[in-house]
Amino acid sequence: MSCNCHGKSGVSVTRTSPFDQCSTCAKKHVVKAWNLWNEFLYADDNRDAISGQLRLAADHLMYDHRDNALKARDLAVMIEENHDAAITTEWDGLLAAVREAFNADHPDAVERLAQLQIKQETS
């Protein structure tokens, strides 16, 4: 499913390319992979889905956020090669990096979240 606010332009689209540079799409793929990682970790089909989502995220990041794309790709390789014992901070680092890229590209979303937090604290 395409993102509702595509790239920095904020133009709503109905179709995207895997190579469209979009931190929204990348965040969607990383969050899905992370959720799958926390579910059925040792099923081959699930692991393939996780690494596939990470590779899709890398495609959406590879030009505008190359360092983040490399993090996603490297984590995908670790999962594909069953190096789970070596995975320590990779998930946290990737999630933080993708959130940072998304927040930089969408400061309006950051402001809306801040307003929601203020509203909740004062309720």
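1. Overall pattern. Read along the sequence, the protein follows the pattern α-α-α-α-α, and the count for this predicted model is accordingly given as five helices and zero strands. Of the 123 residues in the protein, 36% are buried. Among the contacts between residues at least 6 apart in sequence, 55% join residues at least 24 apart.

2. Helix α2. The 18 residues of α2 should span 26 Å at 1.5 Å a residue, and the end C-alpha atoms of the helix are 26 Å apart, which agrees with that expectation. The buried residues of α2 are Asn46, Arg47, Ile50, Ser51, Gln53, Leu54, Ala57, Ala58, His60 and Leu61, and what covers them includes α1, α3 and α4. In reading such a list, it may help to recall that an α-helix has 3.6 residues a turn, so residues three or four places apart point the same way.

3. Gln53 as an example from α2. Is Gln53, a residue of helix α2, buried or exposed? The relative accessibility of Gln53 is 15%, and because the cut-off for burial is under 20%, Gln53 counts as buried. Once neighbours within four places in sequence are left aside, Gln53 is in contact with His29, Lys32 and Ala33. The stretch assigned to α1 runs over residues 23–37, and a reader who wishes to inspect the surroundings of Gln53 can therefore begin with these three partners, each of which has heavy atoms within 4.5 Å of Gln53.

4. The loop between α2 and α3. His65 is found in this loop, and at 18% relative accessibility His65 counts as buried, since the limit is 20%. Which residues does His65 touch, leaving aside its neighbours within four places in sequence? The contacts of His65 under that condition are with Ala101 and Asp105, and both of these residues also appear on the α4 side of the contact between α1 and α4.

5. Helix α3. This helix covers residues 66–80, has 15 residues, and reaches 21 Å from its first C-alpha to its last, which is close to the 21 Å expected at 1.5 Å a residue. Its buried residues are Asn68, Ala69, Ala72, Leu75, Ala76, Met78 and Ile79, and these pack against α1 (23–37), α2 (44–61) and α4 (90–105). One of the buried residues, Asn68, lies 28 residues from Ala96 in sequence, while the two are 9.8 Å apart in space, C-alpha to C-alpha. Ala96 is itself found in helix α4, where a relative accessibility of 41% makes it count as partly exposed.

6. Asn82, just after α3. Which residue just after α3 takes a positive phi? Asn82 does, with a value of about 60°, although Asn82 is not a glycine. The place of Asn82 is in the loop between α3 and α4, and at 55% relative accessibility this residue counts as exposed, the cut-off being over 50%.

7. Packing of α1 with α4. These two helices pack at an angle of about 155°, with their axes 9 Å apart, and they are therefore roughly antiparallel to each other; α1 passes α4 in a left-handed crossing. From α1 the contact is made by Ser23, Thr24, Ala26, Lys27, Val30, Val31, Ala33, Trp34 and Trp37, and from α4 by Trp91, Leu94, Leu95, Val98, Arg99, Ala101, Phe102 and Asp105. By class, the contact of α1 with α4 has 12 nonpolar, two polar and three charged residues. Ala33, listed here on the α1 side, is also one of the contacts of Gln53.

8. Packing of α4 with α5. How are α4 and α5 oriented to each other? Helix α5 comprises residues 107–122, and it packs with α4 at an angle of about 100°, with the axes 5 Å apart; the two helices are therefore roughly perpendicular to each other. Phe102, Asn103, Ala104 and Asp105 in α4 meet Pro107, Ala109 and Val110 in α5, and by class this contact has five nonpolar, one polar and one charged residues. Phe102 and Asp105 meet α5 here and are also listed in the contact of α4 with α1, while Asp105 is in addition a contact of His65.

How values were computed:
Residues are numbered from 1 along each chain as its sequence is written. This is a predicted model: local features need pLDDT of at least 70, side-chain atom pairs count only at pLDDT 80 or more; totals for chains, interfaces and linings use all residues. Side-chain values use heavy atoms; hydrogens and water are left out. Helices (H or I, at least four residues) and strands (E, at least two) are DSSP runs, numbered from the N terminus. The expected span of a helix is 1.5 Å times one less than its number of residues. Buried means under 20% relative accessible area, exposed over 50%, partly exposed in between (1.4 Å probe, protein chains only). Axes are lines fitted to C-alpha atoms, for helices over the stretch in contact, and angles run from 0 to 180 degrees between N-to-C directions. Angles under 35 degrees count as roughly parallel, over 145 as roughly antiparallel, 65 to 115 as roughly perpendicular and the rest as oblique. A crossing is left-handed if the near helix is turned anticlockwise from the far one by less than a right angle, and right-handed if clockwise. Ala, Val, Leu, Ile, Met, Phe, Trp, Tyr, Cys and Pro count as nonpolar, Asp, Glu, Lys and Arg as charged, and the others, Gly among them, as polar.
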